[in-house]
Amino acid sequence: MAAELNPIDKAKFVAAKRATEYVQDGMKLGLGTGSTAAWMVRCLAERIREEGLRVTGVPTSTRTAELARSLGVPIASLDDAKWLDLTIDGADEFDPNLALIKGGGAALLQEKIVATASDQMIVIADAAKEVSQLGAFPLPVEVIPFGWQTTKALIEETLVGLDVMNRDCSLRMNGAKPLITDEANYIIDLHLKRIGNPRQVAMVLNQIPGVVENGLFIDICDIVVIGHGDGRVTVRDINEGTEADDFIEFAPTDNIFADME
Ligand code: 5RP
């Protein structure tokens with residue numbers, strides 16, 4: 001199985017593996033959602049099996065909860081865990097300030113609540129997620145289904161006054177029906193192309209009635225671990241102002257792939 005991984009998956013794997021080195025015995029952890037976060041859950045499960053590491057994970061989606069359960073990673077609700085030591089999650093884009101776009105996997109609401117309830121957030125990503133300015137990836141906004149077309153129109157109107165390149169918005173679909181999030185909401189994707197002032201966009205969007213939360217994560221991420229297809233990882237710490245390169249031996253055990261087809 002390992003030999004079949006493409007360079008992007010290898011990059012995601014090594015980023016996830018390096019990030020799980022931050023996990024210490026007894027920690028309460030936010031478990032992100034997406035393909036990179038899934039590698040992190042597998043790496044964590046391996047440390048639990050091999051080192052007897054004791055952790056409590058708080059999943060950010062039903063998908064991650066199912067994966068964690070299937071791999072024997074103990075989980076709890078955020079209300080039970082209350083405050084977390086660390087959240088490790090993926091991202092759709094990150095900029096030089098470690099501002100993020102998240103929600104490509106439609107889990108942004110739980111992801112933002114969990115990351116905000118953590119002492120530290122580490123983002124794991126392949127190098128393609130790094131951008132000089134956010135916005136090429138459509139910005140997901142979670143809205144309640146009631147009056148969603150009115151909410152969409154209000155979002156489009158609000159964007160007129162903001163420093164963005166484009167203002168097209170679309171309802172995210174799941175086949176012929178609107179995609180429904182874990183919190184029973186809809187997602188509107190904002191195809192902005194370039195976001196000049198992410199902080200302003202994030203604040204203004206959340207003032208619109210019907211908007212539950214937006215996918216801009218600002219001043220939440222502390223560290224990004226960037227994986228490369230050849231096993232290199234770059235660890236960038238925004239608080240320390242440091243950047244260091246590392247190398248992760250790409251030798252995942254069969255156990256790592258146990259849950260995969
Ligand atoms: C889910 C997310 C994911 O972290 C983001 O979409 C990145 O996913 P992947 O690791 O599969 O590229 O925000 O809502």
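This is a short tour of a predicted model, moving from one sheet to the ligand, then to a second sheet and two single residues.

**Stop 1: the seven-stranded sheet**

Start by colouring the strands β2, β1, β3, β6, β14, β15 and β16. In that order they form an open sheet of seven strands, and the pairing is mixed. Now look at the two ends: β2 (56-59) and β16 (242-247) are the edge strands, and each has a single partner, so one side of each has no neighbour in the sheet. If you turn the view to look along the sheet, the twist to look for averages 20° from one strand to the next.

Next, select residues 28-31 and 84-89. These are β1 and β3, which run parallel and are joined by three bridges. Show the side chains of L29 and L86 as well: L29 stands opposite L86, which belongs to β3.

**Stop 2: two helices on that sheet**

Keep the sheet on screen and add residues 7-19. This is helix α1, which packs on the sheet and touches β3, β6 (118-126), β14 (223-227), β15 (232-237) and β16. If you draw axes, the direction of α1 makes about 155° with that of β6.

Then add residues 35-51, helix α2. Which strands does α2 lie across? They are β1, β3 and β6, and α2 runs at about 115° to β6.

**Stop 3: the ligand**

Now centre on the ligand and show what surrounds it. There are 17 residues around the ligand, and those that come nearest are S35, T36, D92, G103 and K129.

Three distances are worth putting on screen:

- D92: a polar atom of its side chain lies 2.6 Å from a ligand oxygen atom.
- K102: an N or O atom in its side chain is 2.9 Å from an oxygen atom of the ligand.
- G103: here the backbone takes part, with an N or O atom 2.8 Å from an oxygen atom of the ligand.

Switch on a surface to see how covered the ligand is. Taken alone, the ligand exposes 370 Å², and the protein buries 90% of that.

**Stop 4: the four-stranded sheet**

Hide the ligand and select β8, β11, β7 and β12. In that order they make an open sheet of four strands with antiparallel pairing. The edges are β8 (168-171) and β12 (211-214); each has a single partner strand, so one side of each is left without a neighbour in the sheet. Ignoring direction, neighbouring strands here are turned by 25° against each other on average.

Zoom in on residues 139-143 and 186-191, which are β7 and β11. Five bridges join these two strands, and they run antiparallel. The pair to label is L139 and L190, where L139 stands opposite L190 in β11. Then bring in residues 108-116: this is helix α5, which packs on the sheet, touches β7, β11 and β12, and points at about 65° to β12.

**Stop 5: two single residues**

Select S61, in the loop between β2 and α3 (62-71). Is S61 buried or exposed? S61 is buried, with a relative accessible area of 5%. Leaving out neighbours within four places in sequence, S61 is in contact with T33, A107, Q110 and D182, so show those four side by side with S61.

Finish with M203, in helix α7 (residues 198-205). M203 has a relative accessibility of 54% and therefore counts as exposed. As a last distance, pick the C-alpha atoms of M203 and N214: the two residues are 11 apart along the chain, and these atoms are separated by 9.1 Å.

Key: Residues numbered from 1 in each chain as written. Predicted model: local features only at pLDDT ≥ 70, side-chain atom pairs only at ≥ 80, totals over all residues. Heavy atoms only, no water. Pairing = 2+ DSSP bridges. Axes fitted to C-alpha atoms, helices over the stretch in contact; angles between N-to-C directions. Contact = heavy atoms within 4.5 Å. Near = heavy atom within 4 Å. Polar contact = N/O pair within 3.5 Å; in protein donor to acceptor, adjacent residues only side chain to side chain. Areas by Shrake-Rupley, 256 points an atom, 1.4 Å probe, with all protein chains shown as cover. Buried < 20%, exposed > 50% of the residue type's maximum accessible area, 1.4 Å probe, protein only.
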